Amino acid sequence: MRLLSLSLLLLLPVALQAQHTYTPADIQEGGRLFRANCVLCHGPEGDQVPGIDLGHGRFRQTYSESALIKIIQNGIPGTGMPPNNLQDFQAEIVVAYLRSLATAGRTVTGNGNAARGKVIFAGKGNCASCHRVNGVGSRVGPDLSDIAALRRTVEIEQSLLDPNAEVLPQNRTYRVVTSQGETITGRLLNVDTFTVQILDSKERLLSLQRSGLRESGLVKDSPMPSYRDKLSSQELADVVAYLATLKGL
Amino acid sequence: MMRLSIFFSTLLIAGTLSAQVSFDRIVNAGKEPQNWLTYSGNMMSQRYSPLAQITPQNVKDLEQKWVFQARSLEKFEATPLVVDGIMYTVQAPNDIVALDPVTGRVFWTYSYSPSPASRPCCGRVNRGVAVVGDTLFMGTIDAHLVAVDAKNGRPLWNTTVAKPEAGYAITHAPLVIKDKVIVGVAGGEFGIRGFIAAYDVKTGKEDWRFNTIPGPGEPGHETWAGDSWKTGGASVWVTGSYDPALNLTYWGIGNAGPDYNGDLRAGDNLYSSSVVALDADTGKIKWHYQFSPHDEFDYDAVQVPVLADIVWQGQMRKVMLWANRNGFFYVLDRATGKFLLGKPFVEVNWASGFDEAGRPMRIPGKVPTPEGTVIFPGNQGGTNWYSPSFSPRTGLFYIPSWVNYSSVYIKADADYEEGKRFVGTSPRSLIGGANGGAAKINTRREDEGYGAVRAIDPMTGDRKWEFKMNDVTDAGIMTTGSDLLFSGGREGYFFALDARNGQLLWRANLGGTVASGPMSYSVAGKQYIAVSAGNSLFVYGLRE
């Protein structure tokens, strides 16, 4: 019993400390694996099985990290928890993702209405001028058709309120000035020692020789504006609710 | 009839040229630069070709002569040998292929089927074969050593070196010294106990064995707490070197295990993360130098030991040049092991320098922790197994480098179970290893890490020049007698630089990561450059 209490006490601090030790890419990949393997039973927030809230470290008994990894891989015989074909590293980043759930909290904008959010997305929010959903809208920003399968609602909300808080590497913006003096800005798709590939603001796939450019480099800030003062709290909640329905084909 | 006679005369010429590869020829490989007789080109492992037909002036006229596409999706890490007009390479995991080095046409393939129990940590790869007489030697990923007839590809003997079930494997090219063929075992992530062993070239019978972790009663055993020596790793997975005058063979030893948690193995953990100098006849240790005592960062010392004879502080000296995974460049006296110089060649934050004896001075707090610690260089190292090069013409040492690169080291418990990974969690990095790397797609910032060829003056450890790449590099480096430097990177470019100043002279896009060291040879007076990238072997020569 003493051991159990101690373990419960230990679990959260470790989780809090450990969240900084994984890269965003690790957490994202862990989330992808979670959604591919776990979400059917545990739900997107990890709280769908009675008595278990993966996002807050609540289990029917206390487990160490290595025990959790073994459970993910081997399942729990005699229960509904099946074995999963995941390597050690994959199971580790699933646990890392779950820890990120525990510390990331919930959305701050409250409950939204997805139908209203869809209208705001297309209208007042002008989101489709940069983003595309199921074939409609601009390709300049990230395609959001499956954003709910990739990101948690709390992360979607953060992107709306504070777009610079986290720009994923695949969404970085690149700016070049050609030898003719033309400035081109776009989403960086790939770069190597000699060339760079971008999707520019006119939705052109461009491949450029870096040696022929006057200037080239990443743009520090995200081109995404903050909607903190552009939309009301309820409107933000509605947009988040709408985006949370976008789970891809 | 005419065509038939040409065919027969070609055969005759090939037969005339072909001769047994005596050990004397291997030791004096510099006298026959048309051939490439060992993994690194010569026993000093300088990966330097004296050939000089391709020059800084005409290198722009290089064209692709042929491509050998392997029937394997594994990384192509092998360096081919060229012996009297025949090329030998390895198609992963363990097929030896004999080719015409002018046309790329295959003479024969020897296919070896490794045991399903084999479980190399980091790819079912092989880095090449060794040759002596008419016999080729290959280590296999299920820890066998096989001898194959170089003329017809038929197996001659097959020796079990270690148990693949326990995580043992052989991935490097063997090294032939006199009548022995020498290999070491990989498996540092599986709790093996490493060793280097010599086998009779004729029979495959073991002649001597050097345990890279000393057993009870042997000097160095006290550097392992309790029974940790039994599962301490200290693997070998890159080919060693040989000094015939000293009769010493030099090998780099891998990390201690579990990799990232040293609690159970208190002590320096000899000879992990060290270079050892062994008597080539007996396997007895003559000296050692440990680059990373009690390593917890996976800093394998599995770099090629590069031997050079240079004027050091006014006197000719037999030295060893070593850019280590731990981020430091070293100069050692290879007769005695004496530490002569140590200087970072990339960012290092785990040690501040060296004491008088050459032991690194650790920076407090820079150890793996449960909450994670940022360490420079990161898990793949400032460099890794990628072959460096020393040019006796420029006097410079060239390092495939990972710059601005770090990992977060997280410590966790590790329980040993035979054949299972035994590492104590895994570090986190923005840049993946060769298996996990994005390879083709790169959207990183420079401060997140990049690759470079860095040229170092061995006298001072100072950097003379740098060729920056946007992505990191898994490619080796070769220099030539015309001051060319060939290398590549993860982006898939293969390029030639001026070895004197790093200026880019030529490049080609091979479409796959260059994870091998280039080499050069000549046939009928024409110089060729070979390199593996992606799943294929590419050969270049001057346009005719």
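**A tour from Ser406(B) outward**

Begin by selecting Ser406(B) in this predicted model; once its neighbours within four places in sequence are set aside, Ser406(B) is in contact with Val374(B), Ile375(B), Phe376(B), Pro377(B) and Gly378(B). Keep Ser406(B) highlighted and show the ribbon around it, where the residue is found in the loop between β27 (397-403) and β28 (407-409) of chain B. Although it sits in a loop, Ser406(B) is buried, because 22 other C-beta atoms lie within 10 Å and the cut-off for burial is 20 or more. Next add Asn324(B), which is 82 residues away from Ser406(B) along the chain, and place a distance between the two C-alpha atoms, which are separated by 15 Å.

Now widen the selection to the whole of chain B, which has 2 helices and 37 strands. Its radius of gyration is 22 Å, close to the 24 Å that the globule rule gives for 544 residues, so chain B is as compact as a globular protein of that length. Taken along the principal axes, its C-alpha atoms fill a box of roughly 75 × 50 × 50 Å, and 57% of the 544 residues count as buried. Of the contacts in chain B between residues at least 6 apart in sequence, 60% join residues at least 24 apart.

Then bring chain A into view and select the interface, where 21 residues of chain B are in contact with 22 residues of chain A; the chain B side divides into 8 nonpolar, 5 polar and 8 charged residues.

Finish in chain A with helix α8 (residues 153-161), whose buried residues include Thr153(A), Ile156(A) and Leu160(A), and display α7 (147-150) and α9 (233-243) of chain A, which are among what covers the buried residues of α8(A).

Notes
Residues numbered from 1 in each chain as written. Chains lettered and ligands numbered in written order. Predicted model: local features only at pLDDT ≥ 70, side-chain atom pairs only at ≥ 80, totals over all residues. Contact = placed C-beta atoms within 7 Å. Nonpolar A, V, L, I, M, F, W, Y, C, P; charged D, E, K, R; others polar. Buried ≥ 20, exposed ≤ 12 C-beta atoms within 10 Å, placed from the backbone. Helix = DSSP H or I, 4+ residues; strand = E, 2+ residues; numbered from the N terminus. Rg over C-alpha atoms; globule rule 2.2 N^0.38 Å.
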